[in-house]
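Here's a quick briefing for anyone meeting this structure for the first time. Have a look at the model below, then work through the notes topic by topic.

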Amino acid sequence: MKKIVIAIIGAALAAVLLSSCDRMLEEINYGNPTTADMMTNDANVPLLVGQCYAEIKWLHDHWGYWGVVTLTADEGLNPTRMPDKDWLDGGYWRKLNTHDWNSMGGAFRNIWDTTIAGAILCNKLLSTLDTYRSSISENIYAQYTGELEVMRSYYYYMLFDCFGRIPYLEEYVDRASDPLMEPNVVWSKLVDCLEKNAPNLPKVTDDASRALNYGRATQGLAYALLARLYLNAESFGCTPANISLSNAHTSAIKSPADFYTNAIRCCDAIIDAKSYTIEPDYFTNFKIDNSGSKENIFVIVENGEANIDERSGGDGMMLNKLRIALLTLNYNHQKTYNMIETPWNGFCARPSFIDRFAASDVRGPGNEGQGTNDTKQWGWFLGPIYDANGNLTKDKDEAQSPAIIVKDVTSLTEATDLDGARNIKYEIDKAGKYKYSENDFVLFRYADVLWMKEEAILRGGTGVSGWDSADFRTLRKRAFAYDSDPEAAYEAAYPNALSLNGIIDERGREFSWENMRRRDLIRFGKFNDDSYVQFVTAKDDYRKWFPIPYKILEKSVLDENGNPVWTQNPGYIN
Amino acid sequence: MKRILSTIILFLGLGLAAQAQGYQIQGVVEDALGPVIGATVLEQGTTNGTSTGLDGDFVLKVSGPDAMVEISCMGYASRVFKASEVPASILITEDSEFLNDVVVIGYGSQKKKEVTGSVASIKSEDFNAGVKTNPMGLLQGKVAGLNIIKTTSDPTQTGYNIQIRGFSTLDKGTGTSPLFIVDGVPVSNIDNISPDEIASMDVLKDGSAAAIYGTRGTNGVIIITTKRGDAFSDVAHTRVEYSGYASASVRNASTGMATAAQFRNLAELSGGLAMPNIYTGPNGEEYNTDWLSEVCRPAAIAHNHNVAIVGSSGKFNYRAAINYKNAEGIAKTTNRNEIMAKLAAGQKALDGWLDLQYDLSYMRYRNDFFCGDFKNAALLNPTYPIYDETSPNGYYWRSEETGFVNPVENMNQKESYGTGNYFRGSIKATVNIKPVQGLRVSGFAAMEEGDNKNYWYTDVVNTDAAGSEKSGRGSDLSLNKLFELTADWTRNFDGHNIAVVAGVSYQNFFTDSDSMSNKGYAVPKVMKYYKMGDGDASKKYMEMSSGTSQHTLIAQFARANYNYKEKYLLSASLRREGSSRFGPNNKWGWFPAVSAGWRISGEDFMKDATWVDDLKLRLGFGVTGNDLGSDLRSVELLSNGGTFWYNGAYIYTYTVSQNVNPDIRWEKKYEYNLGVDFSLLKDRLYGSFDLYYRHTTDLLWDYEVPTPPYQYPTLLANAGKMDSYGAELSVSYVAVQNKAFTWVTTPTISFNRNKITSLSDPSKGFNYTQTTSGGVGENGIMNTDTQILVEGEAVGSFYGYKFLGINPNSGIWTYLKPDQGDGVDRYCDESTCVEGDRQVLGNAQPIFTFGWNNTFRWGNLDATLFLRGVVGNKILNVTRWAYGPMSANSKNVFMKDVNGANTVLCQKGQFSDYYLEDGTYMKVDNLTVGYTFPIKENKYIHSARVYLTGQNLLTLTAYSGQDPEVNTTSVWNGGIDYCSFYPPVATFLVGVNISLY
């Protein structure tokens, strides 16, 4: 009997001791679907693919792509402001303004991380579409494959625009042991991919297709990006000899002029489609509700309400919200506009940039005497800030001087709270409704296409100028909309607009803070020129590419000799 | 397993020999003062026993006149008699030899003298007195190598930062806190244990001791044993114990910031270098505001009451206790209130076959949180007014600064409180397999449930329109279930002492949480968090979220302890454990340990060394693990990735939000321990000394990975190695011992050194050999990393420029470049320094940590003086760096660098060791004076004692910040004093302990 008791106990113990219970260790997932759960029908495809548009919001942050390309060009400045040394931040902003950056600059790494995350996301989604191709209809498969390849090109374009040498991949695979691709190779791959997909993308033809494709990749985006790549080919270091294109669409490139002819071809693809038109009012494109603009080709759709879709890590961190109004407006503007959050009084323009505006150009600072009492809208703000009751507000410095924003910036290290013109082309919410900007952020618009075409012709491309077209006339007229004879005013103000020297200035006025100015200045050889980019001190030619972030280099795979396969851009020490 | 079975069967026959019963013994157990109640009388080698009654008497039937009978009682030396020789009056004497104390070691206990691992055991009489937010406060400074830090006096923040033997992990995905076992249950929360109900706490420090809890043992194990009913006694009895205190706390440290008068005179005080931005009202009004005093109480009052009813009978014993505590914080509106109930019961059943043990405990608490902000209060310009006198409603004043917050407004216009319940219950059933002597099988089932609810409402706040008239509520629930089955067998024969335990364990943790907020109420002040659905009808402001998770641990374990004549000691254990959190191929890990001891004092050749009472050498080795702190890290799942504008409306997108690593597995720590336990000079000098070496491999960390191929820049993975070593000494010396006066002094000291030996694993593509940490972003300092984790250096290394001096003419700061090995000094300044000029500047970890306890006794009067501190660490004083004097100051100024013409204007652009300060300190942590009333024997009162305690009375330090006790247990930002400014307090307390029959 006792032996039986012992045996039973022993056997039971042995059984539980030696069992492995693996089934009990499977993780239970509460609420997070797998890809297989979702890729069962066409309706769920946009829930996955749409992520390639949600991720792009990181790039218009001042700690991301937009902040870096704006502050290194003449259109942007972020001085340290006394008395509290606001925006000192260890000299980070000053180094962008003077071009004296090094590979430690935090936003360089942010650009790398966010664009790579976007590009790899596209590759991953493309592979997902392949895997589940049988579960979805073929036209959905084809449509989203095209969109994803073009969006991947746009992510890579931004990375390429900054660093030149990048790890470009078209598949979701591990190729980390490959060296960084040289700019001419990246350029060729970007052009090939875009040319292949552009004709197959959705085309905006009417208001219905405009609404359906709003904020998404269309033929317009693909051709505008292609035109930009062709127009800038030489500034990216491409020559007819060092590029290698395999697509059937590109006309043979035998001389530099052929780059420009191809740029014109892509511009014409947009112009001839008659998808877009120049809005009679410049500010239609930047209104709080600018979704009706027929000029905007590709935008980031913003949701300005504070409580939705916000992801942030705190001070000095990125946010996937548009914060232009907060960045640029003065503290006192809160009293004018009943803003939810006190603005941060940071970003302004270099005085040299504001000097290029004619007095009555609506895109410029306008009648600075009236300040916030001016009922007309201008592109930039100068002048006194009145509170909601019409009283002139006071600065917070000890003297409590009147809050009047002035064009000049006395010093990058000891500016006052009132120095520098503020960009107000994006309509400010004056109803206290949105903490962040609700205005959709414009990435590509039709006016750029028209100007690119004219410039390509001036640079030797073959094409017919549109200078006298109705769209171009609207473009000129609206710049002087408050004048009695706008066209005459334009001609008087900018008589040489249609020339290379004129275009660089006109593009600055037209496209301020639209992610274009740095590349334009490089193309025109003005990026290191302090008559344009005032305050620049580091004028080395190699600075037209940013340094590969040192943390990225440190993570590089090692070659057989133990050296990192990813190396720094020429000129930079580490 | 087969061998164990055959051994069991072998001893079956021996068990049968001792069955015949029928010899009765009786007697009275007494000590020097009189009868001893509750002493255990046990027939050796059996479970047959009883305990003494009210008069110290007992009656017991034993198997025969030759049976050996042991009389034992906690705190007394045991005595053993042959049954036929038991005297009528048995005198037992108090046991000064601490080595006979019983130590709880997990799934069992051992006599201290038989322990071969590094285990510290603290009994309730040695706990720190005073107001404690949870049981860890009772141990602070008491155990060498156990680092306990409290950085706030806020009573709603109940936790302590706890670390055993420094860093053994990088704390990404895993924790650095030890595992807590409460009465056998691994728990996640120890707030619900009243200090008055704890019998002892045992700290398993080394790997050989902790490996029986292998998977979660890397950070050490703290076993809390609560008080139980009296020993079983044929004469039923009941006692009542009461203990209580009332206390008052006052602020006792300066922030180092300027007073209003100093701020106004800043220009003069700084030789004209730093100008204050003095606010003057529209009509020339001047204000002098002490913001900190505006948000603090003059004194915070706390009181605590604990009533326990304790009793036993022949088959049943119990202890039921209820505890009530209310503690105000020094911050106005801050309060913690808690009530706890606890029952511990034991039962004997089925004629000695079955022992049952029941434990139930429950707590309800309410926290009223402070909605102001001490940092803000300390740093705000003292010339600002509190109220706007020009406003018709006397509204709170606001400045134009970005982010300006009026702390008085926030304190008064916001409310936030939390309530919660904690329940823990367990049943243990032990079957004594009577036919096999010493064999028992136990089943143990426990559950722990905690739920917390929080509520908040913000009335109109002048500086926060969007946050005004907004409310929210949330809840979370955790449920922890444990089932264990163990078998243990003990046998003593011919000097061989064997104890074997084996078992299985299943533990499941479940959590569930939700939160919501809304605004736009018709009558916000009334509806607030009560009518959450009645907010704005468009539902635009409604936010909600919820989440559920669970994970499971399954283990099989065994341990064998063997000793020969308590002279040669051996212990070995093995645990195999699986965690649901690891990758499909790496769920299981093996955690072995072995340790040995040699009690040299038991050898014949030591007989002449009469000054040696006990001397034991210990050697241990053990492998422990570290569970992953988060779920679903090894599987690819989709989660909400933000919105996307799709055909005229927003839709949510779904994405994989992390790099997924299916290969993550256990961290492993290999630890070697060499220790000596000693008792010398007729037990007047006793203690322990330990040396250890720890080696961690497969460190879990968010490794920086190349992008591409990875989508995101970090991957949770195993790579890297870390070493640490250290020494610990704990000594007690009875300095004076005579009839009138006793003085026992107990210093403890511990040293720990740590080194990251590897961070990379090129075979897996992790080439990253360093990362910076210790980020500081504050008032013009842009997210500057001040520390580095790098191969070859210790965790907590400060990293920046080496300060050399300031050019008196230009005011430019000069730094010393790192030595390039040629002995030539090279310099750089704020404009010429490059990243490579940064260097390791010191470490946040102390060279050593110490505690020093002294107890005195004069007749009925007793006193305790406890000092503790750290030596040789660096603290980064962020306040000094970010709020030091500037040429213009609109915020308050830290005064350390304001020194006439020698004033140093702060340098925010670069981090240098100018802002590192020596963190050495010594605190007069506790001074208690008590009086025990001499009570003649009576029917009602057993004992009574009153005492006065002063806590945190004085801090001796050269550190210029508010409090040098900063958190040093964090891998990622230890030793950084981030301007938190919660005021430290000194507490004065009067308490009483009464025991009634």
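R363(A) is buried, because its relative accessible area is 2%, under the 20% cut-off. Its salt-bridge partner is D361(A), with the closest N and O atoms 2.9 Å apart. D361(A) counts as buried too, because its relative accessibility is 0%. Keep in mind that this is a predicted model.

**Salt bridges**

- D361(A) and R363(A) belong to a bigger picture: they are linked in a network of salt bridges with E295(A), K425(A), R445(A), R478(A), E506(A), R509(A), E510(A) and E514(A).
- Over all chains, the structure holds 86 salt bridges.
- Another one in chain A joins R459(A) to E455(A), and here the closest N and O atoms are 2.8 Å apart.
- Are the two partners buried or exposed? E455(A) is buried, at a relative accessible area of 0%, while R459(A), at 23% relative accessibility, counts as partly exposed.
- Over in chain B, E965(B) and K923(B) form a salt bridge, with 3.2 Å between the closest N and O atoms.
- That pair ties together distant parts of the chain, 42 residues apart: E965(B) sits in the loop between β53 (941–957) and β54 (976–977) of chain B, and K923(B) is in strand β52 (residues 921–932) of chain B.
- Both E965(B) and K923(B) are buried.

**Where chain A meets chain B**

- How many residues does each chain put into the contact? Chain A gives 90 residues and chain B gives 89 residues.
- The area buried between chain A and chain B comes to about 7900 Å², and carbon and sulfur atoms give 60% of it.
- Two salt bridges turn up across the interface of chain A and chain B.
- In a salt bridge between the chains, the side chains of R109(A) and E704(B) meet at 2.8 Å, N to O.
- Across the interface of chain A and chain B there are also 18 residue pairs in polar contact, both residues at pLDDT 80 or more.
- Several elements of chain A give two or more residues to the side that touches chain B, including α1 (2–18), α7 (106–131), α10 (207–212) and α21 (550–554) of chain A.
- The largest share of that side of chain A, nine residues, comes from α1(A).
- By type, the residues on the side of chain A that touches chain B split into 48 nonpolar, 17 polar and 25 charged.

**Two helices in chain A**

- Helix α8 (residues 138–163) of chain A has 26 residues, so at 1.5 Å a residue it should span 38 Å; its end C-alpha atoms are 37 Å apart, which agrees.
- α8(A) is mostly covered, with 22 of its 26 residues buried.
- Right after α8(A) comes G164(A), whose phi is positive, near 75°.
- Helix α12 (residues 256–273) of chain A has 18 residues, so at 1.5 Å a residue the expected span is 26 Å; its end C-alpha atoms are 27 Å apart, which agrees.
- The buried residues of α12(A) include F259(A), Y260(A), C266(A), C267(A), I270(A) and I271(A).
- What do the buried residues of α12(A) pack against? They pack against α9 (183–197), α11 (219–231) and α16 (446–458) of chain A.
- K274(A) follows α12(A), and its phi is positive, near 55°.

**Two loop residues to find**

- T52(B) lies in the loop between β4 (49–51) and β5 (57–62) of chain B.
- T52(B) is buried, because its relative accessible area is 0%.
- Setting aside neighbours within four places in sequence, T52(B) is in contact with a list of residues that includes V29(B), V36(B), I37(B), F58(B) and S233(B).
- S401(A) lies in the loop between β3 (383–384) and β4 (404–405) of chain A.
- With a relative accessibility of 24%, S401(A) counts as partly exposed.
- Leaving aside neighbours within four places in sequence, S401(A) is in contact with T393(A), K394(A) and D395(A).
- S401(A) and P343(A) are 58 residues apart in sequence and 19 Å apart in space, C-alpha to C-alpha.

Conventions
Residues numbered from 1 in each chain as written. Chains lettered and ligands numbered in written order. Predicted model: local features only at pLDDT ≥ 70, side-chain atom pairs only at ≥ 80, totals over all residues. Heavy atoms only, no water. Helix = DSSP H or I, 4+ residues; strand = E, 2+ residues; numbered from the N terminus. Expected span 1.5 Å × (residues − 1). Buried < 20%, exposed > 50% of the residue type's maximum accessible area, 1.4 Å probe, protein only. Contact = heavy atoms within 4.5 Å. Buried area = accessible area lost by both parts, 1.4 Å probe. Salt bridge = Lys/Arg side-chain N within 4 Å of Asp/Glu carboxyl O. Polar contact = N/O pair within 3.5 Å; in protein donor to acceptor, adjacent residues only side chain to side chain. Nonpolar A, V, L, I, M, F, W, Y, C, P; charged D, E, K, R; others polar.
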